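This report examines the strands, nonpolar cores and salt bridges of one protein chain. The sequence and structure are shown first.

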Amino acid sequence: MIAICSDHAGYELKSIIEGYLEANGKEYEDFGTFSAESCDYPDFAHPCAEAVESGKCYPGIAMCGSGNGIAMTLNKHQGIRAALCWTPELASLARRHNNANVLVLPARFIAPEVALAIVDTFLNTDFEGGRHERRIEKIPVH
């Protein structure tokens, strides 16, 4: 089950991505927002992050206008590695090298077609492990 969330700036793109997920037989849980009315991204990022951290959902997809605010909020959670990606190549690297478990999209800066290509890459790329594993283990603050 994929976790997905956005604020008002990402609402339209989130709806497009949900249609893509449905068309491809992927289950998801939508943590909001549920309209384009102005709202605060942390209200949706925190529940999304908690679902990924707990293992209830994997991976996550999140978006806000620039992607920065929601990524910062998601990354406050120790078990989250949220990666802001605006090209498929960045999504591939985030998965292969950083074992990113939440994809973050800058909704106001990428076309829907590009966003869908990024989502597809993120969902279909595996973590390489190896030398990258020890780096990932050093990320959490203890």
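## Basis of the description

A residue is called buried under 20% relative accessible area, exposed over 50%, and partly exposed in between. R96, at 27% relative accessibility, therefore counts as partly exposed. The model described here is predicted.

## Strand β5 and its neighbours

Strand β5 spans residues 102-106, and five of its five residues are buried. Cover is present on both faces: V102, V104 and P106 are buried on one side, and L103 and L105 are buried on the other.

Two strands are joined to β5. Strand β3 (residues 60-64) runs parallel to β5 and is connected to it by five bridges. Strand β4 (residues 82-84) also runs parallel to β5, with three bridges between them. V104 in β5 has a partner on each of these strands: A62 stands opposite it, and so does L84. Together with helix α4 (residues 88-98), β4 and β5 form a right-handed β-α-β unit.

## Nonpolar cores

In soluble globular proteins, nonpolar side chains tend to be buried together. In this model, the largest nonpolar core comprises 21 residues, and those with the most contacts inside it are I17, I61, M63, L103 and L105. At least two residues of this core come from each of β1 (2-6), α1, β3, α4, β5 and α5 (112-123). A second core, separate from this one, has 20 residues, including F31, A45, A71 and V102.

What does I61 touch, not counting residues up to four places away in sequence? Its contacts are I2, A3, I4, C5, I17, V102, L103, L105 and V119.

## Salt bridges around helix α1

The structure contains four salt bridges. In one of them, K14 pairs with D30, and the closest N and O atoms are 2.7 Å apart. K14 belongs to helix α1 and D30 to strand β2 (residues 28-30), so this pair ties together parts that are 16 residues apart in sequence. The two partners differ in burial: K14 has a relative accessible area of 1% and is buried, whereas D30, at 21%, is partly exposed.

E18 is located in helix α1 (residues 11-23). Is E18 buried or exposed? Its relative accessibility is 9%, so E18 counts as buried. Leaving aside residues up to four places away in sequence, E18 touches I4, Y28 and D30.

## Salt bridges involving loops

K56 and E29 meet through their side chains in a salt bridge, with an N to O distance of 3.1 Å. This pair links distant parts of the chain, as K56 is in the loop between α2 (42-54) and β3 while E29 is in strand β2, 27 residues apart. E29 has 25% relative accessibility and therefore counts as partly exposed.

A further salt bridge joins the side chains of E128 and R96, at 3.0 Å from N to O. E128 lies in the loop between α5 and α6 (131-137) and R96 in helix α4, so the pair ties together parts that are 32 residues apart in sequence. E128 is partly exposed, at 42% relative accessibility, and R96 is partly exposed at 27%.

Salt bridges with shared partners also join K14, E18 and D30 into one network.

Key
Residues numbered from 1 in each chain as written. Predicted model: local features only at pLDDT ≥ 70, side-chain atom pairs only at ≥ 80, totals over all residues. Heavy atoms only, no water. Helix = DSSP H or I, 4+ residues; strand = E, 2+ residues; numbered from the N terminus. Buried < 20%, exposed > 50% of the residue type's maximum accessible area, 1.4 Å probe, protein only. Contact = heavy atoms within 4.5 Å. Pairing = 2+ DSSP bridges. Right-handed = clockwise from strand over helix to strand, strands pointing away. Core = buried A, V, L, I, M, F, W, Y, C linked by side-chain atoms within 4.5 Å.
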